[in-house]
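Me: I am new to this structure, and I would like to understand the reasons behind the words used for it. Could you take me through them one at a time?

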2 protein chains.
Amino acid sequence: MKTQKEYIDIINKAVAEIPYPESPRGLYEPIAYTLDCGGKRMRPMLLLASCEACGGRIDDAVSQALGLEMFHNFTLLHDDVMDRADMRRGKPTVHRRWNESTAILSGDAMLTMAGQLMSVAPDDRLADVMALFNGTAMEIYEGQQYDMDFESRQDVTVAEYIEMIRLKTSVLLGCACEMGALMAGASDEVRKAFYRYGVALGLAFQLQDDWLDTYGDPAVFGKNIGGDILNDKKTYLLITAMNRADDESRHRIESLIGTRSDEKVAEVKSIYDRLGVADECRTLIESYLAETLRELDSIDIPADAKAFFRDYAERSITRQS
Amino acid sequence: MKTQKEYIDIINKAVAEIPYPESPRGLYEPIAYTLDCGGKRMRPMLLLASCEACGGRIDDAVSQALGLEMFHNFTLLHDDVMDRADMRRGKPTVHRRWNESTAILSGDAMLTMAGQLMSVAPDDRLADVMALFNGTAMEIYEGQQYDMDFESRQDVTVAEYIEMIRLKTSVLLGCACEMGALMAGASDEVRKAFYRYGVALGLAFQLQDDWLDTYGDPAVFGKNIGGDILNDKKTYLLITAMNRADDESRHRIESLIGTRSDEKVAEVKSIYDRLGVADECRTLIESYLAETLRELDSIDIPADAKAFFRDYAERSITRQS
């Protein structure tokens with residue numbers, strides 16, 4: 001096994017070496033711009049690591065790793081158009097820097113390029129690769145649709161929220177972990193366990209994101225603390241608070257919808273505190289971490305590989321950024 | 001070989017039987033809406049016909065036929081967002097009937113569903129199927145990008161225009177014809193000849209579209225005659241006219257850009273007539289038909305299959321709608 005940083009360096013090198021056609025520049029420049037913007041490279045990193053954990057070589061899976069990173073960045077690009085987001089990773093989004101048509105078309109091309117990168121696989125594995133990749137992509141679109149549907153709904157349950165983030169975020173981590181095992185020629189059983197590891201990890205990861213946005217350390221967290229509260233985003237914290245609040249607190253939160261002030265953040269946070277929402281969130285994160293580690297325990301891989309995936313999961317829920 | 005209508009009936013039946021998940025409805029309803037809107041079903045029809053021409057069965061290729069129709073409709077859906085088009089085939093476009101986010105996300109899902117349908121292939125053919133499908137898709141995005149680039153350029157040459165329509169329109173017909181042969185297990189040589197047949201046919205077809213928009217019979221043509229002139233669309237006719245016009249005619253056309261009146265259509269048409277642009281267009285269409293038929297002649301398929309593809313090509317350039 002390599003270190004996390006070594007895997008990420010391999011990805012970044014592969015990203016830098018993608019051979020884009022010279023023209024039309026309007027199509028390919030925004031793609032290079034999007035991929036060069038960085039990001040955690042979490043998905044391709046997990047993919048390469050699970051491939052090596054199962055006895056495969058980096059070369060067996062680097063195309064799929066790149067394909068998954070391409071796909072992930074495509075979803076961000078199109079989500080930013082749908083959400084009318086101005087900035088991503090400290091730079092203007094593609095539809096701001098160029099225009100909306102460019103963002104749509106370049107995103108489409110990224111999805112097809114992801115499919116091309118996925119297809120670089122032995123004949124006897126290709127059907128499984130495509131089924132895993134395409135099936136995961138469909139779930140992610142479903143998750144995005146539910147997320148958009150939730151914006152105009154006031155009765156979203158915690159169970160619905162968890163299902164939404166499972167689809168929108170977690171299955172792609174499951175796909176990454178399973179894809180690496182698949183490319184290494186691992187058994188069906190190992191593949192499925194890696195998938196479940198990734199999905200449970202993804203749930204813990206997204207809930208940590210929700211928690212950090214309100215309770216993170218402003219000195220370490222990349223974005224402004226309280227952004228979700230300001231934007232009335234239906235996170236685990238808000239949904240849980242609305243479920244447990246008495247009428248007065250609920251009406252208070254409802255009356256603040258659409259407003260934007262530091263006082264709003266402070267007041268909603270104090271309601272969360274009174275209701276014990278943060279503790280409940282931490283408990284749920286811990287339970288998904290436990291599930292993640294249980295799945296990992298069941299996989300027959302070398303001790304150093306187990307340590308790698310255990311450390312990664314544990315750090316995911318203690319991270320501050 | 002079956003008749004054109006029999007192939008189309010098979011496609012329409014397959015389209016009607018696509019099993020959409022129940023939810024989220026916001027994702028799947030616009031897809032069914034788009035596919036049910038009809039259209040010529042030209043691409044899947046050619047695909048099934050070339051499969052049978054090469055000795056294959058309908059069942060060998062119906063998934064790819066459906067996948068190509070899904071892909072084609074995805075490009076129309078996203079193009080309509082980029083072009084801000086209100087209507088398509090007599091019904092409101094998806095971004096008008098729902099909203100833009102829905103159009104983007106449902107389109108993305110259609111592209112992935114097209115990939116899923118393509119993947120239903122034997123292991124030893126799957127890599128070829130994916131390479132042909134994805135490579136064609138990339139060319140189509142390039143064509144769309146050039147088409148958008150041309151809107152703000154006044155110096156587009158005929159050669160650039162032909163290359164743009166080759167990418168945006170023709171290669172998908174080439175892909176359809178080759179895919180059918182591929183699924184039937186035809187030789188590389190036959191596959192490539194079918195591809196060239198489809199590309200040449202596509203060029204003739206698109207130029208016929210350009211010609212019809214100005215010179216079609218209003219009683220038969222589905223849309224209003226002169227729409228391209230009204231919208232200053234850079235068609236073969238306009239580009240050729242601008243190339244051959246004297247300064248006075250060129251300035252007259254330029255002075256009409258951005259205006260919309262029956263007089264504009266009549267005046268631009270009279271300039272076309274004076275310059276012999278329509279005749280030049282017909283000559284070019286005939287030469288692409290000749291190329292189409294030459295490619296067809298080189299393919300070793302039964303006489304009834306040859307007759308089918310010859311009739312189809314000939315009718316494509318005499319059609320009035």
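Reply: Copies are superposed by least squares on the C-alpha atoms of residues with pLDDT of at least 70 in both. This is a predicted model, in which local features need pLDDT of at least 70, side-chain atom pairs count only at pLDDT 80 or more, and totals for chains, interfaces and linings use all residues. Residues are numbered from 1 along each chain as its sequence is written, chains are lettered from A in the order in which they are written, and side-chain values use heavy atoms, with hydrogens and water left out.

Me: What makes the relation of chain B to chain A that of a two-fold axis?

Reply: A turn of 180 degrees, with a shift of 0.0 Å along the axis, lays chain B on chain A with an RMSD of 0.0 Å, and that is the relation of a two-fold axis.

Me: Why is Ser119(A) called buried?

Reply: Buried means under 20% relative accessible area (exposed is over 50%, partly exposed in between, with a 1.4 Å probe and protein chains only), and Ser119(A) has 14%, so the word applies.

Me: Which residues does Ser119(A) contact, leaving aside its neighbours within four places in sequence?

Reply: With contact meaning heavy atoms within 4.5 Å, Ser119(A) touches Leu126(A) and Met130(A), and also Met130(B) and Asn134(B).

Me: Why is the pair Arg84(B) and Glu100(A) called a salt bridge?

Reply: The term asks for a side-chain nitrogen of Lys or Arg within 4 Å of a carboxyl oxygen of Asp or Glu, and the side chains of Arg84(B) and Glu100(A) meet at 3.9 Å, N to O. The count between chain B and chain A is two salt bridges.
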